[in-house]
Amino acid sequence: MTKLKLIVGSRRPNRAADLVIPWLTKKIESHSHFETEILDLKDWDLPLFQEHQGSIGDINDPTYSEPVVREWNRKIREAEAMLILTPEYLHGMPGLLKNALDNVFLSFAFRNKPVAAVSYSSGIAGGSRALENLAHVALEAEMILLRNTVIIPFVGSAFDDNGNPTNPTTDAAATVMLDDLEWWSKLLAGARANGELPPGSVRLRSILANTAKS
Ligand SMILES: Cc1cc2nc3c(=O)[nH]c(=O)nc-3n(C[C@H](O)[C@H](O)[C@H](O)COP(=O)(O)O)c2cc1C
(Lines give C-alpha, C1' and ligand atoms only; values in the text may rest on other atoms or scores of the structure.)
Protein backbone atom coordinates (compact mmCIF):
# COMPACT_ATOMS: atom_id res chain seq x y z
CA MET A 1 0.00 0.00 0.00
CA THR A 2 1.19 3.49 -0.86
CA LYS A 3 0.85 6.26 1.73
CA LEU A 4 -1.34 8.87 0.08
CA LYS A 5 -2.04 12.28 1.61
CA LEU A 6 -5.15 14.04 0.37
CA ILE A 7 -4.65 17.79 0.87
CA VAL A 8 -7.88 19.81 1.01
CA GLY A 9 -7.31 23.43 -0.01
CA SER A 10 -10.39 25.27 1.30
CA ARG A 11 -11.42 26.04 4.88
CA ARG A 12 -14.59 28.09 4.39
CA PRO A 13 -17.76 27.26 6.35
CA ASN A 14 -20.25 25.68 3.90
CA ARG A 15 -17.46 25.12 1.43
CA ALA A 16 -18.12 23.27 -1.82
CA ALA A 17 -15.13 21.04 -1.03
CA ASP A 18 -17.52 19.02 1.15
CA LEU A 19 -19.48 18.04 -1.96
CA VAL A 20 -16.33 16.61 -3.56
CA ILE A 21 -14.57 14.95 -0.60
CA PRO A 22 -17.05 12.04 0.03
CA TRP A 23 -16.96 10.96 -3.63
CA LEU A 24 -13.19 11.43 -3.93
CA THR A 25 -12.34 9.46 -0.79
CA LYS A 26 -14.66 6.61 -1.89
CA LYS A 27 -13.04 6.64 -5.32
CA ILE A 28 -9.55 6.40 -3.82
CA GLU A 29 -10.65 3.56 -1.52
CA SER A 30 -12.05 1.62 -4.48
CA HIS A 31 -8.64 1.87 -6.11
CA SER A 32 -7.18 -0.23 -3.23
CA HIS A 33 -3.55 0.71 -3.89
CA PHE A 34 -3.55 3.60 -1.41
CA GLU A 35 -3.62 3.98 2.35
CA THR A 36 -5.12 7.47 2.60
CA GLU A 37 -4.86 10.20 5.20
CA ILE A 38 -6.79 13.44 4.73
CA LEU A 39 -4.80 16.59 5.46
CA ASP A 40 -7.64 19.08 5.57
CA LEU A 41 -6.29 22.61 5.81
CA LYS A 42 -9.27 23.59 7.97
CA ASP A 43 -7.71 21.39 10.66
CA TRP A 44 -4.21 22.78 10.21
CA ASP A 45 -3.76 26.20 11.71
CA LEU A 46 -0.58 26.93 9.80
CA PRO A 47 0.93 30.37 10.35
CA LEU A 48 1.43 32.73 7.46
CA PHE A 49 4.81 31.79 6.04
CA GLN A 50 7.62 33.14 8.19
CA GLU A 51 10.44 30.59 7.85
CA HIS A 52 14.07 31.22 6.99
CA GLN A 53 17.32 29.24 6.95
CA GLY A 54 17.78 29.97 10.67
CA SER A 55 14.38 28.57 11.68
CA ILE A 56 14.66 25.17 9.96
CA GLY A 57 16.87 23.51 12.59
CA ASP A 58 17.89 19.97 11.66
CA ILE A 59 17.15 19.63 7.94
CA ASN A 60 16.39 15.90 8.45
CA ASP A 61 13.61 16.70 10.94
CA PRO A 62 13.12 20.45 10.72
CA THR A 63 11.84 22.19 13.82
CA TYR A 64 10.73 25.33 11.96
CA SER A 65 9.35 28.23 13.98
CA GLU A 66 6.22 26.54 15.36
CA PRO A 67 5.36 22.92 16.30
CA VAL A 68 2.46 22.86 13.82
CA VAL A 69 4.84 23.55 10.93
CA ARG A 70 7.16 20.78 12.12
CA GLU A 71 4.20 18.38 12.23
CA TRP A 72 3.01 19.55 8.78
CA ASN A 73 6.47 18.94 7.37
CA ARG A 74 6.52 15.43 8.90
CA LYS A 75 3.16 14.61 7.31
CA ILE A 76 4.27 15.76 3.87
CA ARG A 77 7.62 14.02 4.21
CA GLU A 78 6.05 10.65 5.06
CA ALA A 79 3.80 10.81 1.97
CA GLU A 80 4.61 8.52 -0.94
CA ALA A 81 1.93 10.15 -3.08
CA MET A 82 -0.20 13.25 -2.80
CA LEU A 83 -3.53 14.40 -4.13
CA ILE A 84 -4.37 18.09 -3.94
CA LEU A 85 -8.02 19.13 -3.97
CA THR A 86 -8.26 22.79 -4.88
CA PRO A 87 -10.99 25.32 -5.64
CA GLU A 88 -10.24 28.31 -7.84
CA TYR A 89 -10.00 31.72 -6.20
CA LEU A 90 -9.27 34.68 -8.49
CA HIS A 91 -7.92 32.41 -11.23
CA GLY A 92 -5.45 30.72 -8.91
CA MET A 93 -5.20 28.33 -6.00
CA PRO A 94 -6.38 29.69 -2.62
CA GLY A 95 -3.76 31.62 -0.63
CA LEU A 96 -4.39 29.09 2.13
CA LEU A 97 -3.08 26.28 -0.06
CA LYS A 98 -0.12 28.25 -1.42
CA ASN A 99 0.82 29.12 2.16
CA ALA A 100 0.74 25.43 3.14
CA LEU A 101 3.11 24.61 0.27
CA ASP A 102 5.39 27.56 1.08
CA ASN A 103 5.66 26.50 4.70
CA VAL A 104 7.67 23.36 3.90
CA PHE A 105 9.52 24.56 0.82
CA LEU A 106 12.79 25.20 2.65
CA SER A 107 12.99 21.54 3.72
CA PHE A 108 12.13 20.28 0.21
CA ALA A 109 9.19 18.26 1.61
CA PHE A 110 7.48 17.75 -1.76
CA ARG A 111 10.65 17.00 -3.69
CA ASN A 112 10.51 13.95 -5.99
CA LYS A 113 7.00 12.98 -4.85
CA PRO A 114 4.14 12.28 -7.28
CA VAL A 115 1.28 14.75 -6.92
CA ALA A 116 -2.14 14.50 -8.56
CA ALA A 117 -4.75 17.25 -8.48
CA VAL A 118 -8.50 17.70 -8.57
CA SER A 119 -10.00 21.15 -9.08
CA TYR A 120 -13.52 22.54 -8.91
CA SER A 121 -15.32 25.84 -9.08
CA SER A 122 -18.79 27.28 -9.34
CA GLY A 123 -18.04 28.40 -12.90
CA ILE A 124 -17.51 26.76 -16.27
CA ALA A 125 -13.70 26.63 -15.97
CA GLY A 126 -13.91 24.13 -13.09
CA GLY A 127 -10.78 25.43 -11.40
CA SER A 128 -8.57 24.78 -14.42
CA ARG A 129 -6.73 28.04 -13.81
CA ALA A 130 -5.99 27.01 -10.24
CA LEU A 131 -4.41 23.87 -11.73
CA GLU A 132 -2.27 25.95 -14.10
CA ASN A 133 -1.19 28.05 -11.13
CA LEU A 134 -0.40 24.86 -9.19
CA ALA A 135 1.75 23.62 -12.09
CA HIS A 136 3.99 26.70 -11.82
CA VAL A 137 4.37 26.25 -8.10
CA ALA A 138 4.87 22.49 -8.31
CA LEU A 139 7.85 22.89 -10.63
CA GLU A 140 9.72 25.05 -8.14
CA ALA A 141 8.82 22.72 -5.25
CA GLU A 142 10.17 19.84 -7.40
CA MET A 143 6.91 17.90 -7.17
CA ILE A 144 6.26 15.42 -9.92
CA LEU A 145 2.87 16.85 -10.89
CA LEU A 146 0.80 14.52 -13.04
CA ARG A 147 -0.70 15.58 -16.33
CA ASN A 148 -4.03 13.80 -15.87
CA THR A 149 -6.32 15.69 -13.51
CA VAL A 150 -10.01 15.92 -12.66
CA ILE A 151 -11.73 19.23 -13.36
CA ILE A 152 -15.20 19.79 -11.90
CA PRO A 153 -17.19 22.77 -13.26
CA PHE A 154 -20.45 24.01 -11.72
CA VAL A 155 -19.58 22.15 -8.54
CA GLY A 156 -22.94 22.97 -6.91
CA SER A 157 -24.75 20.64 -9.34
CA ALA A 158 -21.86 18.23 -10.07
CA PHE A 159 -23.06 15.53 -7.65
CA ASP A 160 -26.46 13.86 -7.31
CA ASP A 161 -28.37 13.16 -4.07
CA ASN A 162 -26.28 10.03 -3.51
CA GLY A 163 -23.04 11.99 -3.89
CA ASN A 164 -22.22 10.47 -7.29
CA PRO A 165 -20.94 12.70 -10.12
CA THR A 166 -23.64 13.76 -12.57
CA ASN A 167 -21.08 13.86 -15.39
CA PRO A 168 -19.57 10.40 -16.18
CA THR A 169 -16.32 12.07 -17.27
CA THR A 170 -15.62 13.04 -13.65
CA ASP A 171 -15.42 9.44 -12.48
CA ALA A 172 -13.57 8.22 -15.58
CA ALA A 173 -10.99 11.02 -15.27
CA ALA A 174 -10.45 10.08 -11.62
CA THR A 175 -9.75 6.46 -12.63
CA VAL A 176 -7.14 7.60 -15.14
CA MET A 177 -5.56 9.98 -12.61
CA LEU A 178 -5.38 7.35 -9.84
CA ASP A 179 -3.89 4.76 -12.22
CA ASP A 180 -1.18 7.29 -13.09
CA LEU A 181 -0.63 8.12 -9.44
CA GLU A 182 -0.16 4.44 -8.63
CA TRP A 183 2.32 3.98 -11.47
CA TRP A 184 4.34 7.07 -10.56
CA SER A 185 4.30 6.35 -6.85
CA LYS A 186 5.82 2.89 -7.42
CA LEU A 187 8.40 4.24 -9.85
CA LEU A 188 9.45 7.17 -7.66
CA ALA A 189 9.54 5.12 -4.43
CA GLY A 190 12.08 2.88 -6.14
CA ALA A 191 14.03 5.83 -7.50
CA ARG A 192 14.17 7.58 -4.10
CA ALA A 193 15.27 4.32 -2.43
CA ASN A 194 18.17 4.10 -4.89
CA GLY A 195 19.39 7.49 -3.67
CA GLU A 196 18.42 11.06 -4.47
CA LEU A 197 20.69 13.80 -5.68
CA PRO A 198 20.89 16.67 -3.20
CA PRO A 199 18.70 19.61 -4.26
CA GLY A 200 20.11 21.68 -7.12
CA SER A 201 20.43 24.82 -4.98
CA VAL A 202 22.59 22.90 -2.47
CA ARG A 203 24.81 21.48 -5.22
CA LEU A 204 25.14 24.87 -6.86
CA ARG A 205 26.35 26.46 -3.59
CA SER A 206 28.81 23.61 -3.08
CA ILE A 207 30.28 23.93 -6.61
CA LEU A 208 30.63 27.70 -6.23
CA ALA A 209 32.26 27.34 -2.79
CA ASN A 210 34.81 24.89 -4.21
CA THR A 211 35.42 27.16 -7.18
CA ALA A 212 36.07 30.09 -4.84
CA LYS A 213 38.61 28.02 -2.82
CA SER A 214 40.61 26.90 -5.88
C1 LIG B 1 -12.21 34.62 -3.17
C2 LIG B 1 -12.93 33.83 -4.25
C3 LIG B 1 -12.53 33.93 -5.56
C4 LIG B 1 -13.16 33.18 -6.57
N5 LIG B 1 -12.67 33.22 -7.83
C6 LIG B 1 -13.15 32.35 -8.76
C7 LIG B 1 -12.54 32.26 -10.03
O8 LIG B 1 -11.57 32.94 -10.34
N9 LIG B 1 -13.03 31.37 -10.93
C10 LIG B 1 -14.11 30.56 -10.62
O11 LIG B 1 -14.50 29.76 -11.46
N12 LIG B 1 -14.70 30.64 -9.41
C13 LIG B 1 -14.25 31.51 -8.48
N14 LIG B 1 -14.83 31.57 -7.23
C15 LIG B 1 -15.99 30.74 -6.96
C16 LIG B 1 -15.55 29.42 -6.33
O17 LIG B 1 -15.16 28.53 -7.35
C18 LIG B 1 -16.67 28.80 -5.51
O19 LIG B 1 -17.07 29.73 -4.52
C20 LIG B 1 -16.26 27.49 -4.85
O21 LIG B 1 -17.38 27.02 -4.14
C22 LIG B 1 -15.09 27.66 -3.90
O23 LIG B 1 -14.78 26.49 -3.24
P24 LIG B 1 -15.02 26.32 -1.65
O25 LIG B 1 -16.48 26.66 -1.40
O26 LIG B 1 -14.73 24.88 -1.35
O27 LIG B 1 -14.10 27.28 -0.95
C28 LIG B 1 -14.24 32.35 -6.24
C29 LIG B 1 -14.67 32.28 -4.90
C30 LIG B 1 -14.03 33.01 -3.92
C31 LIG B 1 -14.49 32.88 -2.49
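The shell around the ligand is made up of seven nonpolar, five polar and three charged residues. The model is predicted. Its chain has seven helices and six strands, and 33% of the 214 residues are buried.

**Ligand surroundings**
- Of the 15 residues around the ligand, the nearest are R15, A16, P87, S121 and G123.

**Overall fold and dimensions**
- Along the sequence, helices and strands follow the order β-α-β-α-α-β-α-β-α-β-β-α-α.
- The C-alpha atoms occupy a box of roughly 70 × 35 × 25 Å along the principal axes.
- A compact globule with 214 residues would have a radius of gyration near 17 Å, and the 18 Å of this chain agrees with that.
- Counting contacts between residues at least 6 apart in sequence, 79% join residues at least 24 apart.

**Helix α5**
- Helix α5 covers residues 128-140, and its 13 residues should span 18 Å at 1.5 Å a residue. The C-alpha atoms at its two ends are 19 Å apart, in agreement with that expectation.
- A130, L131, N133 and L134 are the buried residues of α5. Viewed down the helix axis, these buried residues fall within an arc of 160 degrees, so they line one face of α5.
- An α-helix has 3.6 residues a turn, so residues three or four places apart point the same way.
- The buried residues of α5 pack against three strands: β3 (81-87), β4 (114-120) and β5 (144-145).
- On the face turned away from the buried side, α5 carries the exposed residues H136, L139 and E140.
- After α5 comes E142, with a positive phi near 60 degrees.

**Positive phi in loops**
- N14 is a residue other than glycine with a positive phi, near 60 degrees. N14 sits in the loop between β1 (2-8) and α1 (17-31).
- N14 has 6 other C-beta atoms within 10 Å and is therefore exposed, since 12 or fewer is the cut-off for that class.
- F108, also a residue other than glycine, has a positive phi near 55 degrees. F108 lies in the loop between α4 (95-103) and β4.
- F108 counts as buried because it has 21 C-beta neighbours inside 10 Å, and 20 or more is enough for a residue to be buried.

Technical notes:
Residues numbered from 1 in each chain as written. Predicted model: local features only at pLDDT ≥ 70, side-chain atom pairs only at ≥ 80, totals over all residues. Near = placed C-beta within 6 Å. Nonpolar A, V, L, I, M, F, W, Y, C, P; charged D, E, K, R; others polar. Helix = DSSP H or I, 4+ residues; strand = E, 2+ residues; numbered from the N terminus. Expected span 1.5 Å × (residues − 1). Arc of directions from axis to C-beta. Contact = placed C-beta atoms within 7 Å. Rg over C-alpha atoms; globule rule 2.2 N^0.38 Å.
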